[in-house]
Amino acid sequence: MAVALAAGCAWWAVALQRRHTGATGSASVTTPAAEPSRDTDGTSPSPTDTPSSHSPAADDDATARAKAAVEAMTLEDRAAQLVMAPLSYGTDPSALSSLIQDERIGSVILMGNWDNGVDGVRSQVNLLQSYAQDRGDTLLVATDQEGGLVQHLQGAGFDTMPSARDQGTMTLTQLRDDAAQWGAQLRQAGVDVDLAPSVDTVVIDRASNEPIGALDRDFGLDAEGNARHAVAFIEGMRASGVGSAVKHYPGLGAVAGNTDFTDTGIVDDTTGEDSDELAAFSRAIREGSPAMVMMSLATYAQLDPQVPAAFSHAIVTDLLRERTGYRGVVISDSLSASAVAGYDPSQLGVMLIEAGGDLACVNDPSYTMPILDGIRAKAAADGDFAAKVTASAVRIMALKMQLEAAD
C-alpha cells in the first residue's frame, strides 16, 4: 500500500507541473434507405490493424496508480471526481474556484461561443487548473468540438471545422489527419477530451430528426460508414493526446425531439440489441477505444422502456459494459437538459452511478451542487453505492493519468 500511494503522489507532482507549464501541444415514419458509406480510400481499419496508443501494460499501470490516488481520497472527494461542472464563455474562472478548491470538483466542461482563440482559452484553463493545484489535484477539461454548428472553441489558432456530415465525405486518412490537427489545437488550449464524435445513425427523415440529422451532427453515412469515420476521428484526436467521447449511446438517430430542449418525441421504438444503429457504436468502441462513451437521455422501448438510457442498468451495464466490453469512463449527456427536468436534481447523479455510469455532465451551473450533494449523501448511507463511487473515481483518475502520459 505504501508503495502504491507513493506512486500515486509521484504522478500528481508530475501532472501538476505539466498542467502549470502547459502542454503544446412517436408517430410512425417512413425510414429512408441507408446512404452507402462514402469512404473512398479503401483503408477501412480492422480490429487488428487499427493504430492505437493504448497498451494493456500502460492501462494497467494507470489503473494501479489511479487506485492509489483514490485510496488517499475521502469518500466525499471521490464523489466530487464524478461531477463535471460548466464554465461558459464570458464567465470568470473564479466563479468555479470554490467548487474546485473547496468542493474538489474534478472536471470542467467549456461551454458557449469561445472566440478568444487558443491562447485565450489556455489562459482561462490555466486559472482553473491553478485552483486544482492549490488542493494538490488536476482537472479533466472537456468541450464539445464536433464541427459545423457545434464548435465551442473558435478564434485564432482554432481551425473552422466542417460539420460531421461533411467529415463523412472525407477519406478515412484525411479525416484522421484533420482530426489530429484539430486535436493538437485543443491540446495546446489545455483541453483533455473532445465530447465528439456523434456516432448516431439517422434512420428517419433528416429534417425531422432534430438533435442530429437536422443539424448535420452525424457523418451522414450508413451504420458501418459512421463507425469507420468515428474510429478515424478518435484515432486522430488520440494522436495529439486528446481523448474522445462517442455519443449519444445507444443513438439519437430515430427520435424527433432534441433532448436538450424537450421531453417529448424522445422515445426510440426501433433501436434494439441487434440493430445496425447500435452496431455502429459497438464497432467504434471496440476498434477506436474512446476515452468516454456519452449516454443519451432518450428512452429506448426495446432496451429499457422505463428510464432514459443514462439511468438504465440494462443499457449502461448489461449492454455497454458487459455485452460490448467497454471498461472506460461513461459520461452522461447534460443532466440539466429538458429531457430529465422532471427528476429531482439531487437524484440525477445517483441514478447515473447506480446504472453503471461514472461522470455527471452538467451545463447549468445551478445543478452542480445538488447533483454532487445527492451522490455524497447516497454514498454516505449506502456501502454498495459507495463502492460504485470508488470504482467510478478510479476509472476517471486512470483516464486523467493516461491523458497526462500523452503529453
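Strand β9 (residues 292–295) is covered on both of its faces in this predicted model. On one side M292 and M294 are buried, and on the other side V293 and M295 are buried. The arrangement follows a general pattern: in a regular strand the side chains alternate between the two faces of the sheet.

**Strand pairing**

Strand β9 has parallel partners. Three bridges join β9 to β7, and four bridges join β9 to β11 (residues 329–332). Within the pairing with β7, V246 has V293 as its bridge partner. Within the pairing with β11, M292 stands opposite V329.

Strand β1 (residues 83–88) also has parallel partners. Five bridges join β1 to β2 (residues 107–111), where A85 stands opposite V108. Two bridges join β1 to β12 (residues 360–361), where V83 stands opposite A360. The table gathers these parallel pairs.

| Strand pair | Bridges | Facing residues |
|---|---|---|
| β7 and β9 | three bridges | V246 and V293 |
| β9 and β11 | four bridges | M292 and V329 |
| β1 and β2 | five bridges | A85 and V108 |
| β1 and β12 | two bridges | V83 and A360 |

Why is β1 described as largely enclosed by the rest of the structure? Five of its six residues are buried, and β1 is therefore largely enclosed.

**Two buried residues**

S244 belongs to strand β7. Its relative accessible area is 2%, which is under the 20% limit, so S244 counts as buried. Leaving aside residues up to four places away in sequence, S244 touches V193, D194, A196, P197, F233, I234, M237, P290, A291 and M292. One of these contacts, M292, is a residue of β9 that is itself buried.

L96 lies in a loop, between β1 and α4 (residues 97–101). With a relative accessible area of 6%, again under 20%, L96 is therefore buried. Which residues does L96 touch, when those up to four places away in sequence are not counted? They are A85, P86, L87, V108 and L128. Among them, A85 and V108 are the residues that stand opposite each other in the pairing of β1 with β2. L96 also illustrates how folding can bring distant parts of a chain together: L96 and P365 are 269 residues apart in sequence, but their C-alpha atoms are 9.4 Å apart in space.

**Helix α5**

L128, touched by L96, is one of the buried residues of helix α5. This helix covers residues 117–134, which makes 18 residues. From its first C-alpha to its last it reaches 26 Å, close to the 26 Å expected at 1.5 Å a residue. The buried residues of α5 are G117, V118, G120, V121, R122, Q124, V125, L128, Q129, Y131 and A132. An α-helix has 3.6 residues a turn, so residues three or four places apart point the same way. Just after α5, G136 takes a positive phi of about 80 degrees.

**The second largest pocket**

The second largest pocket has a volume of about 590 Å³. It is lined by 31 residues, of which M111, D144, V150, H152 and D260 are the closest to its centre. Strands β2, β5 (residues 150–151) and β7 (residues 243–249) each supply at least two residues of this lining. By type, the lining consists of 13 nonpolar, 12 polar and six charged residues.

Key:
Residues are numbered from 1 along each chain as its sequence is written. This is a predicted model: local features need pLDDT of at least 70, side-chain atom pairs count only at pLDDT 80 or more; totals for chains, interfaces and linings use all residues. Side-chain values use heavy atoms; hydrogens and water are left out. The expected span of a helix is 1.5 Å times one less than its number of residues. Buried means under 20% relative accessible area, exposed over 50%, partly exposed in between (1.4 Å probe, protein chains only). Contact means heavy atoms within 4.5 Å. Two strands pair if DSSP finds at least two bridges between them. On a 1 Å grid over the protein atoms alone, a cavity is a set of points where a 1.4 Å probe fits but cannot get out, and a pocket is an open set with protein on both sides within 12 Å along at least five of seven lines; lining residues have an atom within 4 Å of a point. Grid points are joined across faces, edges and corners, and a volume is the space filled by probe spheres set on the points. Ala, Val, Leu, Ile, Met, Phe, Trp, Tyr, Cys and Pro count as nonpolar, Asp, Glu, Lys and Arg as charged, and the others, Gly among them, as polar.
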